[in-house]
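User: I am new to this structure and would love a close look at a single part of it. Could you take me through the inside of the fold, starting with the empty space and then turning to what is packed around it?

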Amino acid sequence: MFDNRIENVSRRGVLRGLGVTAGLVLAVPVMSRRGMAAYSTGADKMPHGTVNDPKVFVSIAPDGVVTIIAARSEMGTGVRTSLPMIVADEMEANWEMVKVQQAPGDEVKYGNQDTDGSRSTRHFLIPMRQIGASARTMLEAAAAKRWNVPVSEVKAAHHEVIHVGSGQKLGYGDLADDAAAQPVPDVATLRLKDPKDFRYMGKGQIGIVDLHDITTGRAMYGIDTRLPGMKYAVIARPPVTGGKVVSFDPSDALKVSGVEQVIQVQGWPWPSKFQPLGGVAVIARNTGAAIKGRDALKIVWDDGPNASYDSVAYRKELEDASRKPGEVVRNNGDVDSAMKSAAKVIVGEYYLPHLAHASMETPVATAQVADGKAEVWAPVQSPQGTRDDIAKTLGISPENVTVNVTLLGGGFGRKSKCDFVLEAVLLSKAVGAPVKVQWTREDDIHNDFVHTVSAERIEAGLDKSGKVIAWRHRSVAPTIMSTFAAGAKHQAPFELGMGLVDLPFDIPNIRCENPEAAAYTRIGWFRSVSNIPRAFAVQTMVAEIAHATGRDQKEMLLELIGPARIVDIGPTVKDFWDYGEPVGSYPIDAGRLRRVVELVAERGQWGRQVPKGHGLGIAVHRSFVSYIATIVEVAVDGKGKLTIPRVDTAIDCGTFVNPERIQSQVEGAAIMGLSLAKYGEITFKNGRVVQKNFDDFKLARIDEGPMVTNIHIMPNGPDVPPSGAGEPGLPPFAPALCNAIFAATGKRIRSLPIGKQLQSA
């Protein structure tokens with residue numbers, strides 16, 4: 001089998017590699033927005049930047065090897081396998097003859113490269129298919145010209161072009177030069193393959209291109225970068241967000257063997273987007289020496305305006321705010337009147353703490369700044385955003401910045417914030433040599449862009465028959481926008497659209513409110529973002545209503561979802577945000593939501609008899625325009641020890657490319673969901689993060705994971721556009737888990753983490 005492992009090279013190296021192929025080099029503009037039809041993505045309306053039509057590079061060498069550029073970052077989702085695989089399938093390339101190269105950061109060439117928001121497949125399926133179809137068309141035209149026959153008589157198939165009449169064949173390598181001379185076809189004239197003819201897409205038969213290198217230790221992560229003459233740095237950062245250095249004494253640090261310099265790092269006033277926090281850097285000949293040197297520093301800090309932040313006291317503030325009216329962000333019917341006339345009102349109050357990303361590979365970056373140019377090697381989710389921020393920070397043109405993307409050892413949204421890269425750039429410029437900045441685990445947890453803390457209060461009014469006639473949901477949480485603008489106290493439309501204003505329930509009177517909440521630390525997006533607290537609150541409340549009315553959880557859930565229909569949010573929500581997509585292309589479809597509930601109930605054997613001390617819980621949620629439902633079976637012994645015998649999850653993510661990766665991502669969401677629900681909590685005292693490492697910000701160990709995890713992918717026709725798969729698995733897990741705990745023990749859990757709550761069950 002041909003070795004198609006990933007290659008990580010600089011931009012200059014990519015261009016050199018393509019140049020020596022002496023074959024077809026294809027830069028194909030993707031189809032116009034108008035041509036995307038049902039696959040219209042609205043990507044240009046995403047809040048994190050404008051998407052231009054991407055240009056994806058394909059090259060064919062004389063020996064037939066096809067090189068495909070992957071423009072998105074790989075952090076376990078398989079994206080730099082899946083996107084090239086789409087191109088290969090559409091161009092009839094033999095995957096065993098395909099090589100994948102990682103693109104550097106360059107939005108002009110590759111389009112939006114921000115690997116966030118579960119957008120890669122839904123935004124690039126059709127563009128990648130068109131790239132492949134263009135390559136196939138040019139190969140066919142080249143063969144027809146050589147044989148002097150009509151192009152209608154030739155057909156590309158499995159790395160060859162065949163003359164149908166005579167049976168003559170030419171390999172892709174033989175045609176590379178001639179194909180390169182063909183004009184790039186107009187996308188309006190392209191003939192895309194019939195899905196029934198797909199060789200790779202939807203089959204799940206291709207492993208990720210990184211698998212061999214990862215399992216043999218050859219994979220290049222950010223931490224593995226080595227450059228001649230490279231220096232190593234660690235930084236003492238302000239212990240409180242918004243703090244700064246008053247003074248420091250480097251004398252003891254400079255006595256440590258291997259330490260060469262101590263340099264103050266520039267910081268920016270808070271809030272400062274992704275600019276560095278500032279502090280004091282120790283430059284050494286190795287990371288160990290740099291850490292020892294930092295330990296020896298004597299620093300006087302000014303803790304700044306957030307020095308009194310206490311998460312225990314702040315929780316009370318948020319919960320108090322949730323009990324009072326807030327800014328109305330959705331209003332259907334007359335909730336106040338319906339509540340007054342209700343036979344019964346059920347109230348649920350829910351709390352979720354700050355969370356740290358805690359990816360296995362901590363932030364790390366290597367930079368070389370010289371002669372007005374900068375080149376970096378880093379595990380970044382947003383290469384083009386990193387490139388732009390480096391250019392702005394150094395005051396140089398983006399064309400003089402090269403961002404080389406390494407494999408990411410986890411990301412979850414943390415590594416789309418490039419503060420750690422900017423630190424390396426600033427230090428390299430100051431030192432006059434390549435510098436690697438390495439964050440320790442303590443650095444990572446203490447200086448993260450944490451997931452927001454949240455208090456959720458839901459009131460449900462029921463009539464005499466137990467039917468829900470009114471729903472009021474107040475969500476109080478510091479907004480991500482506080483990282484970008486001082487004084488931001490209300491959540492932005494993109495946060496409100498994550499499980500709050502997009503509630504898909506068939507209830508005549510619905511009001512959603514968003515009281516003010518100030519931020520006292522750096523808030524950032526996190527895997528699934530605000531869907532985590534909203535799904536927990538809504539789906540736990542559904543189970544509470546079911547219990548209060550003597551109903552089955554699943555039946556209560558289906559009743560609240562209501563009949564299959566398109567949910568019309570309409571004018572009741574100002575600036576409704578549907579994950580950056582046109583609502584017409586990605587409507588809120590109650591029928592699809594019902595179907596994943598029904599599918600998981602069938603496959604997960606909802607209602608089956610379970611042993612004493614066991615319980616089943618169910619939850620469903622729509623996020624990133626996908627629909628996903630989860631059943632968790634738990635077992636709780638007499639001492640409160642929790643085990644999970646089985647998890648079943650059904651996902652409807654529209655048209656999909658690589659089912660093996662979907663399964664892997666949803667399985668991973670179950671593990672992450674368990675870790676967060678059971679242990680996840682970041683607390684603050686005197687403005688400082690209390691937790692330090694995995695001893696007090698714990699992750700679920702292998703013996704705690706679900707014993708069986710079943711993933712059921714909803715089949716769809718080719719007319720259903722693709723949607724997210726990386727993030728949607730996380731939101732329904734915690735409520736399904738806690739609903740199962742209630743079924744097993746009678747203990748209702750309304751705040752996370754579970755912690756010691758089970759011991760009193």
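Analyst: α15 gives the most to the lining of the largest cavity, with 4 residues. Both α15 and β25 (614-623) supply at least two residues each to that lining. Helices (H or I, at least four residues) and strands (E, at least two) are DSSP runs, numbered from the N terminus. This is a predicted model, in which local features need pLDDT of at least 70 and side-chain atom pairs count only at pLDDT 80 or more, while totals for chains, interfaces and linings use all residues. Residues are numbered from 1 along each chain as its sequence is written, and side-chain values use heavy atoms, with hydrogens and water left out.

The largest cavity holds about 130 Å³ of space. A cavity here is a set of points, on a 1 Å grid over the protein atoms alone, where a 1.4 Å probe fits but cannot get out; lining residues have an atom within 4 Å of a point. Grid points are joined across faces, edges and corners, and the volume is the space filled by probe spheres set on the points. Among the 14 lining residues, Leu 503, Pro 504, Val 620, His 621 and Arg 622 are the closest to the centre of the largest cavity. The count comes to 7 cavities of 30 Å³ or more.

Helix α15 (residues 531-548) also takes part in a ring pair: Phe 536 lies in this helix and Tyr 350 in strand β15 (residues 344-352), so the pair ties together parts that are 186 residues apart in sequence. Rings of Phe, Tyr and Trp (its six-membered ring) pair if their centres lie within 6.5 Å; planes under 30 degrees apart count as stacked, over 60 as edge-to-face and the rest as tilted. The centres of Tyr 350 and Phe 536 are 6.2 Å apart with planes at 90°, so this pair is edge-to-face. Both rings are buried: Tyr 350 has a relative accessible area of 2%, and Phe 536 has 0%. Buried means under 20% relative accessible area, exposed over 50%, and partly exposed in between (1.4 Å probe, protein chains only).

A stacked pair is formed by Phe 484 and Trp 525, with 6.4 Å centre to centre and 10° between the planes. Phe 484 is in the loop between β21 (468-476) and α14 (493-496), and Trp 525 is in the loop between β22 (509-514) and α15, 41 residues apart. Phe 484 is partly exposed at 33%, whereas Trp 525 is buried at 9%. Ring pairs link these two with Phe 274 and Phe 449 into a cluster. The charged end of Arg 522 sits over the ring of Phe 449, 3.8 Å from its centre; the rule asks for NZ of Lys or CZ of Arg within 6 Å of the ring centre and within 35 degrees of the ring normal.

Now for the nonpolar packing. A nonpolar core is a set of buried Ala, Val, Leu, Ile, Met, Phe, Trp, Tyr and Cys residues joined through side-chain atoms within 4.5 Å. The largest has 78 residues, and Trp 471, Phe 505, Ile 545, Val 634, Leu 737 and Leu 752 touch the most other members. Leaving out residues up to four places away in sequence, Val 634 touches residues including Gly 613, Leu 642, Leu 737 and Ile 741, where contact means heavy atoms within 4.5 Å.

Definitions and conventions: On a 1 Å grid over the protein atoms alone, a cavity is a set of points where a 1.4 Å probe fits but cannot get out, and a pocket is an open set with protein on both sides within 12 Å along at least five of seven lines; lining residues have an atom within 4 Å of a point.
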